[in-house]
Each structure stands twice: as C-alpha cells, then as structure tokens.
Amino acid sequence: MLNLRNAILSHVKIGVYSNRRSNGEYLYGMCRHVQLLRNHSTDQDQLINRVIGLVKKFDKIDEAKVTETADFQKDLSLDSLDRVELVMAIEEEFSVEIPDAEADKLNCCADVAKYITSCPSEKVSETS
C-alpha cells in the first residue's frame, strides 16, 4: 500500500516526507510550511509599513497621500532632487546601497520594498 501511495504522490509532484512515522508528523510538516509562508507575508507587510512610515516622515510629502502604490513623482509631487534625498534616506534606514539605475526604477513604496527584499540579506538591516 505504501508503494502505491508513493507512486501516486510522485506523479502528482507532492513532497513526501521519508522520515515520518505517522500521519500527524506529515500534517505538522505541512502546517510548518504554511506557517513559513505566513511569516514571509507578515515580514513583507512589516517592510512595506516601514517604507511607508519613512516616506511619510519626508518633510516635502503630504502624509495623507502616501500609500503603497502612490507614485513618488505623479502622486506625491517629488522632483528629481527630492527623489535623490528620499533614496538617500531609504539607503540610510535600511543599510542598502541603491545604484542610480535602480533608483530611477523605484516609483512607489511597493517598488522600494521589493528592491530591499531582493537585496542580499547581509546588506539589509533588520532593525527598526
């Protein structure tokens, strides 16, 4: 029966825990995987909230207009010098270096959070 189950699972491309002793351990493993996905989502939400908070502190921006997808230039009316100052503040806050070519692609808070997430973890400060 176990061989039949393993054959079916290998065709369906579902991971099989070879070292489990009972069905309960398998469920624990699946629950752990779901928990890791939830933690990643929570971490991403916290990062976006940190970025939004930082942008709201920028003195040339109306706090009420800042959202995850508000465009820095169009919605928040930042000129090129203001954007450079904002990028410098982001670099300082998150301990990352953003090359000019990448900085030009950062148009909203969601873009900044995505960029920070894509940076190697040793370069990103996790302190708030």
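How many helices and how many strands does the secondary structure of the protein chain come to? The count is five helices and zero strands. This is a predicted model. The elements run α-α-α-α-α from the N terminus on. Of the 128 residues in the protein chain, 28% are buried. Helix α3 spans residues 80-94, and it recurs in the topics below: the surface patch, the cavity and a pocket.

**Surface patch**
- Leu 81, Val 84 and Met 88 make a nonpolar patch on the surface.
- The area of this patch is about 300 Å².
- Leu 81 belongs to helix α3.
- Leu 81 has a relative accessible area of 53%, so it counts as exposed, the cut-off being over 50%.

**Largest cavity**
- A search of the whole structure turns up one cavity of 30 Å³ or more.
- The largest cavity holds about 40 Å³ of space.
- Its lining consists of Phe 72, Arg 83, Leu 86, Val 87, Ile 90, Ala 103, Leu 106 and Val 112.
- Helix α3 supplies the largest share of that lining, with four residues.
- By class, the lining of the largest cavity has seven nonpolar residues, one charged residue and no polar ones.
- Arg counts as charged, so Arg 83 is the charged residue in this lining.

**Second largest pocket**
- The second largest pocket has a volume of about 220 Å³.
- It is lined by 13 residues.
- Closest to the pocket centre are Arg 83, Val 84, Val 87, Ala 103 and Asp 104.
- Two elements, α3 and α4 (100-103), each give two or more residues to this lining.
- Helix α3 gives the most, with six residues.
- The lining of the second largest pocket divides into six nonpolar, five charged and two polar residues.

**Residues that recur**
- Arg 83, Val 87 and Ala 103 line the largest cavity; they are also among the residues closest to the centre of the second largest pocket.
- Val 84 helps make the nonpolar surface patch, and Val 84 is also one of the residues closest to the centre of the second largest pocket.
- Which element gives the most to the lining of the second largest pocket? That element is α3, and α3 also provides the largest share of the lining of the largest cavity.

Conventions:
Residues are numbered from 1 along each chain as its sequence is written. This is a predicted model: local features need pLDDT of at least 70, side-chain atom pairs count only at pLDDT 80 or more; totals for chains, interfaces and linings use all residues. Side-chain values use heavy atoms; hydrogens and water are left out. Patches are made of residues with over 30% relative accessible area and no salt bridge: like charges are joined within 9 Å, nonpolar side chains (Val, Leu, Ile, Met, Phe, Trp, Tyr) within 5 Å. Accessible areas come from the Shrake-Rupley method with a 1.4 Å probe; for residues, only the protein chains shown count as cover. A salt bridge is a side-chain nitrogen of Lys or Arg within 4 Å of a carboxyl oxygen of Asp or Glu. Buried means under 20% relative accessible area, exposed over 50%, partly exposed in between (1.4 Å probe, protein chains only). On a 1 Å grid over the protein atoms alone, a cavity is a set of points where a 1.4 Å probe fits but cannot get out, and a pocket is an open set with protein on both sides within 12 Å along at least five of seven lines; lining residues have an atom within 4 Å of a point. Grid points are joined across faces, edges and corners, and a volume is the space filled by probe spheres set on the points.
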